[in-house]
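Hi everyone, thanks for coming along this morning. I'd like to walk you through one protein model, going from the whole chain down to single residues. Please have a look at it while I talk.

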Amino acid sequence: MKVGFLFNHYAPHQVPHAAPYAFELSRRHPAFEVIIAYSAPHEKRMLDAIAALYPGHRCQFRHLRPSWHYALIDPIVSLKKLRRKREVLRNNLDFFRSLDVLVAPERNCLQLRTRYGFTDLIMIHARHGAGDREGGFDEKSGAFDFTLLPGRKYVDRLTELGRLRPGSYAVVGWPKFEVVRGLGKGRQRFFANDNPVVVYNPHFDQAVSSWRPMGLEVLEFFAQNRDFNLIFAPHVVLFKRRLRHGAHLPRRYRKLPNIHIDTGSMASTDMTYMLAADIYLGDVSSQVYEFLLEPRPCVFLNGHRVDWRGNPFYYHWNLGQVVDDVATQLRPALERAEALQETYLPRQREAFAYTFLSCDDSTAAERGADAIAEFLQRKRDGQ
């Protein structure tokens, strides 16, 4: 049986969420032929780094490209919409036709069914975000044959919404944490002082992101308050699709000694900045849960004046202070963040445990690979 793993994006942020399953599947279940398909050089570099953590793996690699004529216009088109993902699918239909199974950490690949009629292809979803945003629980979440889930939170939420069927999922944990540990990621220093380091991580979804209503105001706050350091590390899609999302940075913010800006390098995807900060500042990104691998103070920006209390899509806003107005509330929130952490710590630990399964006797990659193999065996047996 031929199993493909698809990474089809401009940035490598989805790779550590699914590549470990591929490497372990090839090591633990040699009956499967495992092919990892990627579409961008950044993805291949991260794949190579992760592959070194799984000696003896038998995965093959395949570079998927869009048509040459689309590749010429993509640098312009991508500023508004990420059409390239669809073009990669369309230009490589023969490859997908050769597979029995496709595993992907994104949902755009469902077009193979809805647009191209690949009804016999078994499709497995390996989620690449463990946050609470409403968009992570839509009908596409239930469109796969099988889904690997990070923890109990997703079982409960998706079951309530009618997105899960019995036997169509497995709770396996979060392999990205294992990748980060394996790559030896630790705390790095980005500033020549010991002032508190805040990481600002706005999401790209402008319906819920703090970027448009508050983003530049946040940057100006740190420009005027040099006793705090800022790492500006937004979701990589925010600036990649900057015309659509209104992502523009005045040049002067790039020259300040207390502001470090990264709109999409490898460090934005491998938890480098989440590990380097003392305080998390954000809105709806799932990266807050990665930040809480080591519990620390969190502050959330309510740029849309959402009535968030009791709303499961803002569950993580119970884990820190919520700021409605940057001018009057951000500095006091940052100043008291450390003192209030003792209050929020039990909630953070509870939410982290609810979001991510953790077991000492196996890794998430091993559990995910075994779950895929067991599901496919059941399919073979006609169950």
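Let's begin with two words we need: helices here are DSSP runs of H or I with at least four residues, strands are runs of E with at least two, and both are numbered from the N terminus. Please keep in mind that this is a predicted model.

With those words in hand, the chain comes to 16 helices and 13 strands. Its radius of gyration is 21 Å, close to the 21 Å that the globule rule gives for 383 residues, so the chain is as compact as a globular protein of that length. If you put a box around the C-alpha atoms along the principal axes, that box is roughly 60 × 50 × 40 Å. And what share of the 383 residues is buried? The answer is 57%.

Now to the cysteines. How many disulfides does a search of the whole structure find? It finds 0. Take Cys109, which is in no disulfide: the nearest cysteine sulfur belongs to Cys59 and is 18 Å away. A disulfide would need the two sulfur atoms within 2.5 Å. Is Cys109 buried or exposed? Cys109 is buried, because its relative accessible area is 0%, and the cut-off for buried is under 20%. Cys298 counts as buried too, with a relative accessibility of 3%.

Next, charges. Side chains of opposite charge can pair when their charged atoms come close. In this model the count comes to 20 salt bridges, and I've picked three for you.

For the first one, please find Arg28 and Glu366. Their side chains meet in a salt bridge, with 3.8 Å from N to O. Glu366 sits in helix 16, residues 364-380, while Arg28 sits in helix 1, residues 15-28, so this pair ties together parts that are 338 residues apart in sequence. Arg28 counts as partly exposed, because its relative accessibility is 37%. There is a third partner to look for as well: Arg28, Glu366 and Asp370 are linked in a network of salt bridges.

The second one is a local affair. Asp94 forms a salt bridge with Arg97, and the closest N and O atoms are 2.7 Å apart. Both residues lie in helix 5, residues 93-97, and they are 3 residues apart, about one turn of the helix. Are Asp94 and Arg97 buried or exposed? Both are exposed.

The third one joins Arg331 and Asp227, whose side chains meet at 2.5 Å, N to O. This pair links distant parts of the chain, 104 residues apart: Arg331 is in helix 14 (residues 326-335), and Asp227 is in the loop between helix 9 (211-224) and strand 9 (229-232). Arg331 counts as partly exposed, with 25% relative accessibility. Asp227 is partly exposed as well, with a relative accessible area of 32%.

Let's finish with the empty spaces, starting with a pocket. The second largest pocket has a volume of about 290 Å³. Its lining has 19 residues, and Tyr10, Ala11, His42, Lys240 and Gly264 lie nearest its centre. Two elements give two or more residues to this lining, helix 2 (41-51) and helix 10 (236-240). Which of the elements gives the largest share? That is helix 10, with 3 residues. By class, the lining of this pocket divides into 9 nonpolar, 7 polar and 3 charged residues.

There are also enclosed spaces: the count comes to 2 cavities of 30 Å³ or more. The largest cavity has a volume of about 40 Å³. Among the residues lining the largest cavity are His17, Tyr21, Leu148, Leu149 and Trp174. Helix 1 and strand 6 (146-149) each give two or more residues to that lining. By class, the lining of the largest cavity has 7 nonpolar, 2 polar and 1 charged residues.

The second largest cavity has a volume of about 30 Å³. The residues that line this cavity include Ser141, Phe144, Arg163 and Arg165. Its lining has 2 nonpolar, 4 polar and 2 charged residues.

That's my tour. Thanks for listening, and do come and find me with your questions.

Technical notes: Residues are numbered from 1 along each chain as its sequence is written. This is a predicted model: local features need pLDDT of at least 70, side-chain atom pairs count only at pLDDT 80 or more; totals for chains, interfaces and linings use all residues. Side-chain values use heavy atoms; hydrogens and water are left out. Buried means under 20% relative accessible area, exposed over 50%, partly exposed in between (1.4 Å probe, protein chains only). A salt bridge is a side-chain nitrogen of Lys or Arg within 4 Å of a carboxyl oxygen of Asp or Glu. On a 1 Å grid over the protein atoms alone, a cavity is a set of points where a 1.4 Å probe fits but cannot get out, and a pocket is an open set with protein on both sides within 12 Å along at least five of seven lines; lining residues have an atom within 4 Å of a point. Grid points are joined across faces, edges and corners, and a volume is the space filled by probe spheres set on the points. Ala, Val, Leu, Ile, Met, Phe, Trp, Tyr, Cys and Pro count as nonpolar, Asp, Glu, Lys and Arg as charged, and the others, Gly among them, as polar. The radius of gyration is taken over C-alpha atoms; the globule rule is 2.2 Å times the number of residues to the power 0.38.
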